Amino acid sequence: MLSEPHPYPGKLIVVEGIDGSGKSTQLSLLYRWLLSRGYKAFFTEWNSSILVRRSMRRGKRKDLLTPTTFSLLHAVDFADRLTYKIIPPLKAGMVVLADRYVYTAFARDVARGVHPDWVRAVYRFAPRPDLALYFRVPIEVSLDRLLTGRAKLKYHEAGMDLGLSRDPTESFRLFQSRVLDEYDRLVGECSLRVVDAIGDIHTQQLLVRRMARQVLRDYHGTVADLAAVGSDVV
Amino acid sequence: MHGEDKPFYGHGLPALKVGPLRGSLIVIEGTDGVGRSTQIDQLIAWLELQGYAVTNTGWTRSTLLAQTINDAKAGHALTVTTFSLLYAADFADRLENNVIPALRAGFIVIADRYMYTAFARNAAMGADRQWTRDLFGCALIPDLVLYLKIDMDHLVPRVLEGKGMDYWESGMHLALGSDIFDSFVRYQTRLIREYNRLAREFNFTTVDARKPIDQIQADLRRHISAYLDRSKLAAAASDAKAPPTALRR
């Protein structure tokens, strides 16, 4: 449950932020560092389960998705990954790193127009992360990074489905500003730790590692009591 | 009702301009194998003969998710949570893309199962009741819910004479036992208990589904006729109260 600390021996670290905030770069650097320090780490990414891939693709191609179904499909993806990719490694005492978590839904789906209370209720079953990092960056910086990296903005990332503007860059600006507003609201509500994502990558990574180290201070990497689990089955 | 905004169960669909819905949403609920689809086919033919435009919608029939749900059932172990979310996505897709547009156009929409099916199944599977209900906060409250109520003594022969006991409807995924008959009885007993509870809570119009098929049909028609008469009266009353169109702006 999102409202209380999770009961598992593992640790859950998540990163949040708009596209182009650099969160994925930071998470992959953290991942490599954890491995080098001898931690067993596991990485999972938003919207990556095969379960809803077909529906998602179909919905996006034919423009069938509404804010509600867009939100629910992501929730299905999340629930499925939670079952297979998040809870088992947490129970096994691993460090789970998630590129985007429920806060993405809270920010993005609400910016699309779904009710904030509804989307929070939908995700009530999610375990609360031990550390949730929010990479805060102004729209212009993220746009700059995205446009130099890959020339074209993605349809939904730019919020083109909302009809805010026919120009993808302008639509991105309008939509992602709403997302930023929602993220800012979440900082206090959900205890997100803000990382200033304008600065250089190395400085940010040192800060990220320092925060991760704090979380891992009381961590022993013990596997859940497997003997107890076994006796439960018999 | 007529020409007015229909109420939602929870937070509704803030992103969608729903507007006045002139049609009627009639839901047929009841457990697996009770004979819903047979009854619905006959109801549609009957309503169309009377001059009503009718469309129907059914659980897991959405363009967006039907295939995914089938695939998931075929080869992917899902938890109650994941299943519920899939069903909710299917429901929302049909609601926004089929049901609401049809209601706006003044159709009678007959829904083969509605959110109550999710409420009953999830409760039978031991999921968080409140969570399931919050999930369906986007649902429109139907104008009429007709509940085909049956007991196990009548359900078992009807299912066996029909398409037989299937894996899901027998609750085999819950591992209630390795025998499909025993599992069916246990699971459906739980489900029926949940449906009966929901019938009281949400004031379903209950139809005795232990009767022969044509008698059930006659009862359903009687309830629908009564509803349509009531809504016509209400519409006439609200038209009489409303100022002439020219003045309304």
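**Two chains, two parallel sheets**

In chain B, Ser24(B) has Ile108(B) of β3(B) as its bridge partner. That pair belongs to a ladder of five bridges between strand β1 (residues 24–29) of chain B and strand β3 (residues 108–112) of chain B, and the two strands run parallel. All of this comes from a predicted model, so the description below is of a computed structure.

Zooming out from that ladder, chain B holds an open sheet of five strands in the order β2-β3-β1-β4-β5, with parallel pairing. At its edges sit β2 (54–58) and β5 (205–208) of chain B, each of which pairs on one side only. From one strand to the next, the twist averages 20°. Helix α1 (residues 36–49) of chain B packs on this sheet, where it touches β1, β2, β3 and β4 (144–149) of chain B. The direction of α1(B) makes about 170° with that of β3(B).

As for the chain as a whole, the secondary structure of chain B comes to nine helices and five strands. Along the sequence these follow the pattern β-α-β-α-α-β-α-α-β-α-α-β-α-α. The C-alpha trace of chain B spans about 70 × 40 × 30 Å along its principal axes. Its radius of gyration is 19 Å, which agrees with the value near 18 Å for a compact globule with 249 residues.

Now for chain A, which has nine helices and five strands. Starting at the N terminus, its elements run β-α-β-α-α-β-α-α-β-α-α-β-α-α. The C-alpha atoms of chain A fill a box of roughly 60 × 40 × 30 Å, taken along the principal axes. A compact globule with 234 residues would have a radius of gyration near 17 Å, and the 18 Å of chain A agrees with that.

The sheet of chain A is open and has five strands in the order β2-β3-β1-β4-β5, with parallel pairing. Here the edge strands are β2 (41–45) and β5 (193–196) of chain A, each pairing on one side only. Direction ignored, neighbouring strands of this sheet are turned by 20° against each other on average. Five bridges pair β2(A) with strand β3 (residues 95–99) of chain A in the parallel sense. Within β3(A), Leu97(A) is the bridge partner of Phe43(A). Two helices can be placed against this sheet. α3(A) lies across β1 (11–16), β2 and β3 of chain A, running at about 160° to β2(A). α8(A) packs on the sheet too, touching β1, β4 (131–136) and β5 of chain A, and its direction makes about 165° with that of β4(A).

Helix-on-helix packing comes next. Two packed helices are described by the angle between their axes and the distance between the axes. Helix α1 (residues 23–36) of chain A packs with helix α8 (residues 201–215) of chain A at an angle of about 55°, their axes 10 Å apart. The two are therefore oblique to each other, and their crossing is right-handed. On the α1(A) side, Thr25(A), Gln26(A), Leu29(A), Leu30(A) and Trp33(A) make the contact; they meet Ile201(A), Gln204(A), Gln205(A), Val208(A), Arg209(A) and Ala212(A) in α8(A). Sorted by class, this contact has six nonpolar, four polar and one charged residues.

A further pair in chain A is helix α4 (residues 102–112) and helix α7 (residues 168–189), whose axes come within 8 Å and cross at roughly 135°. That makes α4(A) and α7(A) oblique to each other, with a right-handed crossing. From α4(A), Tyr103(A), Phe106(A), Ala107(A), Arg108(A), Val110(A) and Ala111(A) meet Phe175(A), Arg178(A), Val179(A), Glu182(A), Tyr183(A) and Leu186(A) in α7(A). The class count for this contact is nine nonpolar, no polar and three charged residues.

Finally, the two chains touch: 28 residues of chain A are in contact with 29 residues of chain B. On the chain A side, the elements that give two or more residues are α2 (53–61), α3 (67–91) and α5 (116–122). α3(A) gives the most, with 10 residues. This is the helix that also lies across β1, β2 and β3 of chain A. By class, the side of chain A that touches chain B has 14 nonpolar, eight polar and six charged residues.

Technical notes
Residues numbered from 1 in each chain as written. Chains lettered and ligands numbered in written order. Predicted model: local features only at pLDDT ≥ 70, side-chain atom pairs only at ≥ 80, totals over all residues. Contact = placed C-beta atoms within 7 Å. Helix = DSSP H or I, 4+ residues; strand = E, 2+ residues; numbered from the N terminus. Nonpolar A, V, L, I, M, F, W, Y, C, P; charged D, E, K, R; others polar. Pairing = 2+ DSSP bridges. Axes fitted to C-alpha atoms, helices over the stretch in contact; angles between N-to-C directions. Parallel < 35°, antiparallel > 145°, perpendicular 65-115°, else oblique. Left-handed = near helix turned anticlockwise from the far one by under 90°. Rg over C-alpha atoms; globule rule 2.2 N^0.38 Å.
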